[in-house]
Every structure is written in C-alpha cells, then in structure tokens.
Amino acid sequence: MQSSQSKQWDIFCKVIDNHGDLGVCWRLARQLAALGERVRLWIDDATALGWMAPSGHDGVQVIDWLAPSALRAAVAQPAPDVLIEGFGCDPAPELVARFAERPGIAWINLEYLSAEPYVERLHGLPSPVFKGPGAGLTKRFFYPGFTSATGGLLREPDLMERRSRFDRASWLSARQIPWRQDERLVSLFCYEPPALAGLLARLAENRQPTRLLVTAGRAAQAVQALQGSAPLLHGRGALSISYLPYLTQPDFDHLLWACDLNFVRGEDSLVRALWAGAPLIWQIYPQDDDAHHEKLNAWLDWLGAPPSLRLFHHAWNGFGDTALPEPEMHGPWLETARDARARLLAQDDLITQLRKFVTQKS
Ligand SMILES: Cc1cn([C@H]2C[C@H](O)[C@@H](COP(=O)(O)OP(=O)(O)O[C@H]3O[C@@H](C)[C@H](O)[C@@H](O)[C@H]3O)O2)c(=O)[nH]c1=O
C-alpha cells in the first residue's frame, strides 16, 4: 500500500480525560495508514486502545511517549515529514528540537471541533515559533469543522457504502442483544446528564416499546446509579435496557447505525452519529466558564435544529430548567439529521484536506 510518495506522519496525543483525544487521534492515524501513509502515534496513555482497537492497524506504530527508551530511539531516527500535535498537547521538547532540524517539516496543531464562527477565521493560520525547541519553524492551525471553509470531518472513503450494507438484525443477534421488531432502539453514550432520569421515565411511559443500548463506562454508571435509587426502572413499562461491553471503534459505528436515535457526547462520537444519519442528541463536553453553551448553540444553528430538538438539547445539557420534550425518531428530527449528513457529504473530508494542506505548505 505504501508508495514512494508516502510521508512519515508523527501524531502526538495526550489523554486529558475520557476517550475523545485518543479516539480522534487513533481514527486519524488509521485513516492515514489506510491510504498508504506511514504513521507513528505518540501517546501518553494507550490503555483504551485495548478495547477501541485491540488488533491495532497495519502501518500505525503506537509509541509510549513517556518511555525514555522510546524517546531515545526516536531521536536517533529520521524526523517525520509531518508533525501533528493533537489539541495543543506540547510534544516532548527533545523530539521537537530533533524534528526541527528537518527542512520543510510541516507542524500542524489539530484543534478541537466546533461550529463557532471563529473556526473559519482561524483555520489554516500560521503561528511562527520564536523560542525554545522548534524555534524558526511555523506551526499551522488546522480546525476541523462543519463548513467548506474549515478542515472538515474525518470520514473513511468507503463509510457510506459500508453503512448501506449494514444489517441491523444480524448485528444485534451477533451481539446477543434481544430485540423485538416493534421496539425502537436508542443508544446512550453520555456523561451524567441532569435529564437522564426524565428520559428514562419518558421512554418507560411511552406507548411504543424502546430498548436502550447503554455504552460501557460513565453512561452505564449513570443509568445504574438511577436504578439504584429507583430499582423498578429496569424493564419498567415500555423500556428495556441492555448494557454493552466496550466496543471497538468500528463496532461503535455499528451501534449507531443500528439505532433509531443516538445519544452521543464529546467530539468523535458526534461526528460518527452525523454519518449514521439517524436523529441524534449531543451532550457537549462541559467547560467551567459555560463556554460550551455558545458552542452547543452554534452547532444547533448549523444543524438547523427544529425548536423541539433545540429544546431537547438544552434540557439534556442542563441549560436553565428546560423541561425535556418527547424524543422523536421520525419526522423533523430525522429530516434534520439526513439533511445535515447530505450537506457534509458534499464537502471534502478531513484527511483529503489535511494532505492537500500539508503538500501546499511544505
Ligand atoms: C463507549 C465507546 C466509545 N468508543 C469511542 C468512540 C470515540 O472514538 C471515543 C469517545 O470519544 P468522544 O465521542 O469524543 O467522547 P469523550 O467524551 O469520551 O471524549 C472527549 O471529548 C472531547 C471533546 C474532550 O476534549 C476529551 O477530553 C474527551 O472528554 O470512544 C468506542 O470505540 N467504543 C465504545 O464502546
């Protein structure tokens, strides 16, 4: 797969919390490698790769950034063509100093995803480094985003084709998830949303049965904590609950493809839910100064969210004391999701843009 045109990419990732930093960097690494690029992923905590990507990926070398032996070995090797700094994570200074010796190295700071207007303004801007390791180099900001004036979103070339071949019933049966044809399927990947109890009650009281597929980790703990305080909740009324193990990243996609409504969080799962094309609810990563309020509203504006979907997001994210509206799995919520996906599919994906960007700037 590798050609003489292929580049060496070194991606640096620091796990701050949860799984998004690694989730995004791993997805980037394996998509580059699938296109024939050579990739080293430098990571300070690769634990979650044990379930996200247990078999690794051809062409991706994972390196423990904290291991002194790995640093020594890397310093002895040729510098990469492209250095990607995930989310301003400050790669090891010894390496940056070594890499800076390579003429024409492209140094890119991959930023967090947002639909706020500043993204279009800042995408691609240079930031010359004046002192310290890397002095004399120019870092460039690469902003993923939802419009054609941004760096776009990660999307494998065959994603839509795989999605169209997906068979929900076989996937559920292979996972031993009980499912009756009349049950609506809802996935839950969240932190501890204040409106979680309200959602469970609404689903339980609905005329139509729902099976909630709860992802491992914080989502499962949040649901279980509520069940502890209201033990009858499990299987109550129209609601059935299945707890999932941690899934590989490709299987996490299958979960989203299988469901009629997806609750997602953070960054990477939001993008995957958009590609799934079913109605989705986003729990945004909360920031201390409430900066996430503006960020969520900017995304809802881009999405063209109908009023009930906007209200639902506000309630789910705990803005004010908004009451949780009825979740919808058809009608305007579905049309909105389909329309958003069509708009995104008409734009270049992130890797296509990133490779162009690197070639033009080096
Ligand atoms: C539950 C589950 C998740 N995943 C993957 C999907 C994603 O790649 C990843 C989750 O990442 P996210 O969706 O981004 O959600 P997240 O909330 O885990 O991640 C983040 O949000 C960012 C905004 C913050 O900056 C990060 O610090 C981090 O908090 O885990 C699986 O592969 N299998 C699973 O079973």
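**Exercise 1. Determine which residues of helix 10 are buried, and identify what covers them.**

Solution. Start with the residues themselves: in helix 10, Phe252, Asp253, His254, Leu255, Leu256, Trp257 and Ala258 are buried, where buried means that 20 or more other C-beta atoms, placed from the backbone, lie within 10 Å of the residue's own, while 12 or fewer would make a residue exposed and values in between partly exposed. Helices here are DSSP runs of H or I with at least four residues, strands are runs of E with at least two, and both are numbered from the N terminus. The model is predicted, so local features need pLDDT of at least 70 and side-chain atom pairs count only at pLDDT 80 or more, whereas totals for chains, interfaces and linings use all residues. Residues are numbered from 1 along each chain as its sequence is written.

Next, set these residues against the whole helix, which spans residues 249-258: seven of its ten residues are buried, and helix 10 is mostly covered. Finally, look for the cover, which includes helix 6 (159-165), helix 7 (168-174), strand 8 (184-188), strand 9 (210-214), strand 11 (261-265) and helix 11 (268-276); contact here requires C-beta atoms, placed from the backbone, within 7 Å.

**Exercise 2. Decide whether Asp268 is buried or exposed, and list what Asp268 touches.**

Solution. First place the residue, which lies in helix 11. Then count its surroundings: Asp268 is buried because 24 other C-beta atoms lie within 10 Å. Leaving aside residues up to four places away in sequence, Asp268 touches Gly20, Gly23, Val24 and Arg27.

**Exercise 3. Describe which residues and elements make up the shell around the ligand.**

Solution. Begin with the residues: of the 22 around the ligand, Asn18, Gly20, Gly23, Gly266 and Ser269 come nearest, a residue being near if its C-beta atom, placed from the backbone, lies within 6 Å. Then assign elements: helix 1 (20-34), helix 10 and helix 11 each supply at least two residues of the shell, and helix 1 gives the most, with three. Last, consider the domains, whose bounds come from an automatic or database assignment: at least three residues of the shell come from each of domain 1 (8-152 + 348-361) and domain 2 (159-345).

**Exercise 4. Give the strand order of the seven-stranded sheet and find its edges.**

Solution. The seven strands form an open sheet in the order 3-2-1-4-5-7-6, with mixed pairing, two strands being paired if DSSP finds at least two bridges between them. The edges are strand 3 (60-64) and strand 6 (126-128), each of which pairs on one side only.

Technical notes
Contact = placed C-beta atoms within 7 Å.
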